[in-house]
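Subject: Structure handover

Hello,

Here is the structure I promised to pass on. Please open it alongside this note; my findings follow below.

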Amino acid sequence: MKQRVITAVVALIIFIPIIVAGHIWIDIAGFALGLVALSEILIMRKKLLVSAEAIISGIGILAVIAPQSWWADLPKFLSPWYIVYLFVLLLLLRTVVSRNRFSFDDAGVITLSMLYIGIGFHFFIAARAVSLVALLYALFIVWTTDSGAYMIGRKFGRNKLAPHISPNKTWEGSIGGSIVGTIVGSVFWYFFPIGHLSLGVMILLTLIFSVVGQFGDLVESALKRYYGVKDSGKILPGHGGILDRFDSLLLVLPVIHLFGLI
């Protein structure tokens, strides 16, 4: 527990100034977090971090994460997604030249990982580009939903939510977490509004984002259960890996964008 608290304090001391400063600092943070998260999946997949597929997917995920403004001066026929597709083609070519030591399944897992992680951190950068308030809104929903689910589930949890992938999660904790996340997120929005939506609509959207965040957590739990690991990585002592800490946010931020708030 002590190690967990120390890690959290140190991480916040580093993380908070970065999100407050924004600009190039948030870009660097998004790229770094994305690369580390991708490396965690490569390791779970038992792929070397110094390999052709690691280099191809590493550059590919940077292209996915890169802010939209970075592509503004490219010729029109070179859309960002076309460039990303070129890296997917390189992964497919790798299946040929490796004589199936790198398989089509491997290419599929890595491509999905590039999109899952890359799009999440792309909108991490995009949210901060809109405003610090927009990013904090997402973070507060995720953090308070997670904390609320843990505390309420620990005290009142009886009915298992998804025992096959995350045996400690309960329906009581999940519902309680969403209530806490919705209240905190809505109060934050009330004092620091984003867009011009009514309070009622924003409460409903905040609830949706809170639920989506829990799905993000479950998705990563399913991933770890499939590969038989407890944590996605060890970079954060007591907390696991980057995927363990950002799993909810990776789904929440694209959905917030889908509703036009970032």
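Which element gives the most to the nonpolar patch? It is α7, with seven residues. Bear in mind throughout that this is a predicted model.

**The patch**

The nonpolar surface patch covers about 1,000 Å². Its members are Trp171, Ile175, Ile179, Ile183, Val187, Tyr190, Phe191, Phe192, Leu199 and Ile203. Two elements, α7 and α8, give two or more residues to the patch. Phe192 sits in the loop between α7 and α8. Phe192 counts as partly exposed because its relative accessibility is 45%, and the partly exposed class runs between 20% and 50%.

**Helix α7**

Helix α7 takes in residues 171–191. Its 21 residues should span 30 Å at 1.5 Å a residue. The end C-alpha atoms are 30 Å apart, so the expected span and the model agree.

Which residues of α7 are buried? They are Gly173, Ser174, Gly176, Gly177, Ser178, Gly181, Thr182, Gly185, Ser186, Phe188 and Trp189. What do the buried residues of α7 pack against? Their partners are α6 (132–156), β1, β2 (166–170) and α8 (199–227).

**Strand β1 and Ala162**

Strand β1 covers residues 160–162, and Ala162 belongs to it. Is Ala162 buried or exposed? It counts as buried, because its relative accessibility is 6% and the cut-off is under 20%. Setting aside neighbours within four places in sequence, Ala162 is in contact with Pro167, Lys169 and Leu218. Leu218 lies 56 residues away from Ala162 along the chain. The C-alpha atoms of Ala162 and Leu218 are separated by 8.2 Å.

**Helix α8**

The same span check works for α8. Its 29 residues should span 42 Å at 1.5 Å a residue. The end C-alpha atoms are 42 Å apart, so this agrees too. Just after α8 comes Gly228, with a positive phi of about 70°.

**Aromatic pairs**

How many aromatic pairs does the structure hold? There are 13. Two of them are described here.

Take Phe15 and Phe246 to begin with. Their ring centres are 6.2 Å apart and their planes meet at 70°, so the pair is edge-to-face. The pair links distant parts of the chain, 231 residues apart. Phe15 is in helix α1 (residues 2–21), and Phe246 is in helix α9 (residues 242–258). Phe15 is buried, at 14% relative accessibility. Phe246 is buried as well, with a relative accessible area of 11%.

Phe209 and Phe259 also form an edge-to-face pair. Here the distance is 5.8 Å centre to centre, with 70° between the planes. This pair, too, links distant parts of the chain: Phe209 is in helix α8 and Phe259 is in the segment after α9, 50 residues apart. Is Phe209 buried or exposed? It counts as buried, at 0% relative accessibility. Phe259 is partly exposed, with a relative accessible area of 38%.

One cluster deserves a look. Ring pairs link Phe15, Phe121, Phe124 and Phe246. Phe15 and Phe246, the edge-to-face pair described above, are therefore members of that cluster.

Best wishes

How values were computed:
Residues numbered from 1 in each chain as written. Predicted model: local features only at pLDDT ≥ 70, side-chain atom pairs only at ≥ 80, totals over all residues. Heavy atoms only, no water. Helix = DSSP H or I, 4+ residues; strand = E, 2+ residues; numbered from the N terminus. Buried < 20%, exposed > 50% of the residue type's maximum accessible area, 1.4 Å probe, protein only. Contact = heavy atoms within 4.5 Å. Expected span 1.5 Å × (residues − 1). Patch = residues over 30% accessible without salt bridge, like charges linked within 9 Å, V, L, I, M, F, W, Y side chains within 5 Å. Areas by Shrake-Rupley, 256 points an atom, 1.4 Å probe, with all protein chains shown as cover. Salt bridge = Lys/Arg side-chain N within 4 Å of Asp/Glu carboxyl O. Phe/Tyr/Trp six-rings, centres within 6.5 Å; stacked < 30°, edge-to-face > 60°.
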